[in-house]
Structures are given as C-alpha cells and as structure tokens.
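Reader: Please take one part of this structure and describe it closely, then follow its surroundings outward. I would welcome a connected account, with the cut-offs behind each term.

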Amino acid sequence: MYSFNFLFIFSYWHVFLAGLIVTLLLALSTFACAFVIAIALVVIKKSGNMILGKIADIYSFVFKSIPALVMIIWIYYALPLFLNVALSPFVAALVALSLNLSPFVSESIISGINAIPKGQYESALLLGMNKIQAMRFVVFPQVLKNIMPDLMGWFVTELKFTSLASIIGLNELLHVSNIIISHTFLPFEVYTMLALIYLLFVGAIEIAVKRSKRINYKVLI
Amino acid sequence: MSSDIIEIKNISKSFGNLTVFRNLSVSIKRDEKILITGPNGSGKTTLLRCIAALERVDNGKIIVDGFKINPYDSWNNVEKFMKKQKIGFVFQEIQLWPHFTALENLTKPFIVAKGISKNTANKMAEEILTIFGLDGKKYQYPDFLSGGQKRRLFIARALIMDPEILILDEITANLDIELKREIFSIIRKLMKNKTVIIVTHDMSNIPEFIDKIYRLEKGRLISLH
C-alpha cells in the first residue's frame, strides 16, 4: 500500500505560496477585466442600437464557443506573429480568460436586470428621478443582489480556469506543483495539496455567496 | 389657467396588429374625480400609461396642464415635467422598492429628486405614514408588510410629492371590502384640490366622490354618468 509523505510541504510551502499569489492575482484581474467588458456588452445590448447589438452578439458567440485553453494557446503563440509583440504568459492568460468569461458575465447581468419589474424603474421616474438616478438608486441595488451569487460562481470557475495558464508556463498553482513534483517525485501528495488549496478558497467563496444573499446593496449607493 | 388639466385629443395606440384605441378624445377638468371602467384587456391601463408618458401614442396628443406630454419631443422634457410632480401614479402591481424601508420608500424621491434634506424628508414622510396607519412600520422592509400595508404604503408614496393628478390603476383589485373602504376613505381625505382618475373593472364598489364614469370598450370611451 502506498504511504503518503507530506513532509515535503515544509521545504516547498513558499513555492506553493508564490503560485497561489499568481493564481489569485490572475483570477482577480481576469474577473475585473471580464466584468468591465461585460458591462460594455450589457450597455450595447440594452441600447437598442441594431448594428452594435449584432456586433456584441457575434462577440459573445465567438468567445463563448472557443475553449479557454485554445484561446490561451492562440493568444500566447499566434497573436505575437500577427502583432509582432511578445506577450508575457500572465498577460496572454489575462486577455484570453477575460475574453472567454465576459459573455457569460454579461448574460448574468442581463438576466439580473430583466428580473427587475419595469414598474420599479417607471415608478422612480414618475416620482421625479431622472433615468440615471432611477438606475442608481432603484434598479442597481436590486440587480446586484440578483446577480451576486452568479458572479461569485463565475469567479470560482475563473479561479479554476487559471490552471489552464500552466500550459504556457505561467507560474500559477498547477505549474509550480508540477515543478515541485519534478523535484520531489511525489505527485499524489502534491496534487492532494493542490486540491486542498483550491477547496479552501472555493469553500471560502461559497460562504461569501451565502452571506451575499443577506446583504442590502443600498449601502453602496 | 385652463379648466381642463388633461386634454386627450384623437389619440390612437396599437401594439402590432392589436389596436387598443383609435381617435380617442376626452378632457378632464381640474379637481375632477373620474372613474374609467371596462372589460379586462380593453386598454384602461394603456390609456393611463399614455397620460403618464410611459407609453408613446401613435397619433394624436395628450396635454397635461398645458404641457404636451405625449408624443414627447425629447425624454429630457418629460423628465423636467415629471420633476414637477404633477402626476402621482399607483400601479395595479405594487412596486415598492424592496431594498428600502417603508420610510425610505417615501423619503428617497424627496432626497434624490428634490434635494430635500433627510431630516425634512423624514418629517414629511412620517406624517404621511401616520395618516396611512403605518407609523409603527416605518423601519420595516416591504417584504415584511402585509398585503394591505404594502398597498397603503404604495399609495402613500404616490401622494408624498403632493401631485395635482392622482392616477389609481385597479388599486382595490383582490382586496376585501373592508380594505377597499379603508383605502378609499384615506384617498377621500387626501384628494382635495386633486384631479383623480380611478381605473377599475369592479363596479360593485364605486366611491361616492366620483364625478364622472366612463366605459372604455372597443377603443372608445363612452360617458356613463
């Protein structure tokens, strides 16, 4: 029977920590970029402009259809050939994952907006608020409450998707784990440790999702 | 000042192939209390929404207190008109803002749209809440109010800005007779110097303060009383 040996952690914890920092940094920055793109997509789709709306639809279709791994490889290896610029693994992964995630986030936001009855917005207008005030004070806090569990779900997905960047040599958790394995020859232990780290962070996010349902987002306005 | 506060001139409105009304005209005098009835789907709510500029008419025009509100030239002008708070609109569906307390539902429009201080807004809102028997509920969120309390709060919010025109769309639908009486008795107290338009398909409980009754049927408005 195989006997596990976790003593390697004492020698390599700082390597895991470095990988974890890169993973979290990539997940957070990807999510922030995807959110900004998603907001732009929502504004375009809700603007009623037929041409821009079609362009947004095509964008969503293209980046939803291409697997994230293909996007990462293509952006890292092929894009420099066309643009004549070398992208770092972090930037390539950031661009690929942001493009990949943004259509999904935009759809969550649109669903959140559509779930708010039109009368909520109209009653604000009738009470003298302008369109921006009605959106800010009446619609936005309700949309945020609706979409927060979805957004956190996408963040969890993104956190796990960062491991795809190991293919282009980014020193995120999976990549540093592979390096540790090449030194220790302890793949089961290292991958178990890796799984535990992901579990810890995803568990923390799950708790945050549950708490988010109790938040009144009027505090943000 | 014209005695007609609302002038509806030859308006038509369709949704696709469905014509809701065609060449409909009616004038409503200042301080007049009118009731519009008609079968479900006859366009009563659409007519009210056109008066409040929430729907655009296809033809004709609607003038409210001298301002051509529909069809409007630009939404900015409508916003300016709405800021004057001429119209208080109570929808059939209760549209309280769930993230605000009962008090905040009343004060937010004051603070945001009129720039009135929070303290002044609170005082005015508390007075209205007392009139509507909701003074003990001011820190409650709408989800924790009963159906009748929600309805009263919703009407209170439409009245908080002291509008000249009060539009009530099926406000007593699905309420028991006691609550209907209670709501109409509060409205009676607050409707002085206001033009009131009540829409209902329930003719069993017509408030005695009504001056005129119209029936909207097949796109035409027929005077019944």
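**An enclosed helix and its surroundings**

Author: In helix α5 of chain A, the buried residues are A:Gly119, A:Gln120, A:Glu122, A:Ser123, A:Ala124, A:Leu125 and A:Leu126. Buried here means under 20% relative accessible area, exposed means over 50%, and partly exposed lies in between (1.4 Å probe, protein chains only). Helices (H or I, at least four residues) and strands (E, at least two) are DSSP runs, numbered from the N terminus.

The model is a predicted one, in which local features need pLDDT of at least 70, side-chain atom pairs count only at pLDDT 80 or more, and totals for chains, interfaces and linings use all residues. Residues are numbered from 1 along each chain as its sequence is written, chains are lettered from A and ligands numbered from 1 in the order in which they are written, and side-chain values use heavy atoms, with hydrogens and water left out.

Helix α5(A) spans residues 118-126, and because seven of its nine residues are buried, it is largely enclosed by the rest of the structure. The cover over these buried residues includes, from chain A, α6 (131-161), and from chain B, α1, α2, β6 and α5 (147-159). After α5(A) comes A:Gly128, with a positive phi near 95 degrees. The chain that holds this helix has eight helices and zero strands. Of its 221 residues, 43% are buried, and its C-alpha atoms fill a box of roughly 70 × 45 × 25 Å along the principal axes. Contact means heavy atoms within 4.5 Å; among contacts in chain A with a separation of 6 or more, 77% join residues 24 or more positions apart.

One of the buried residues of α5(A), A:Glu122, leads directly into chain B, where it forms a salt bridge with B:Arg49, the closest N and O atoms being 2.6 Å apart. A salt bridge is a side-chain nitrogen of Lys or Arg within 4 Å of a carboxyl oxygen of Asp or Glu, and the count between the two chains is one. B:Arg49 belongs to helix α1 (residues 44-51) of chain B. Its relative accessibility is 11%, so B:Arg49 counts as buried. Apart from neighbours within four places in sequence, B:Arg49 contacts A:Lys118 and A:Glu122 on one chain and B:Leu54, B:Glu55, B:Phe89 and B:Phe91 on the other.

The interface as a whole can now be set around this pair. Between chain B and chain A, 14 residue pairs are in polar contact, both residues being at pLDDT 80 or more. A polar contact is a pair of N or O atoms within 3.5 Å; within protein, one must be able to donate a hydrogen and the other to accept it, and residues adjacent in sequence count only if both atoms are side-chain atoms. On the side of chain B that touches chain A, α2 (75-83), β6 (87-90) and α3 (102-114) each supply at least two residues. The largest share of that side, five residues, comes from α3(B). By type, the side divides into 16 nonpolar, four polar and six charged residues, where Ala, Val, Leu, Ile, Met, Phe, Trp, Tyr, Cys and Pro count as nonpolar, Asp, Glu, Lys and Arg as charged, and the others, Gly among them, as polar.

In total, 26 residues of chain B are in contact with 22 residues of chain A. The buried area is about 2,100 Å², with carbon and sulfur atoms giving 61%; this is the accessible area (1.4 Å probe) that two parts lose on being put together, summed over both. B:Trp97, B:His99 and B:Val112 supply 27% of what chain B buries against chain A, more than any other three residues.

Helix α3(B) also holds B:Ala113. With 12% relative accessibility, B:Ala113 counts as buried. Leaving aside neighbours within four places in sequence, B:Ala113 is in contact with A:Leu127, A:Gly128, A:Met129, A:Gln133, B:Lys83 and B:Lys108. The residue with positive phi that follows α5(A), A:Gly128, is thus met again among the contacts of B:Ala113. B:Ala113 and B:Lys83 are 30 residues apart in sequence, and their C-alpha atoms are 7.0 Å apart.

A further backbone detail concerns the approach to α2(B). The loop between β5 (67-70) and α2 of chain B contains B:Pro71, which is joined to B:Asn70 by a cis peptide bond with omega of about 0 degrees. Most peptide bonds are trans.
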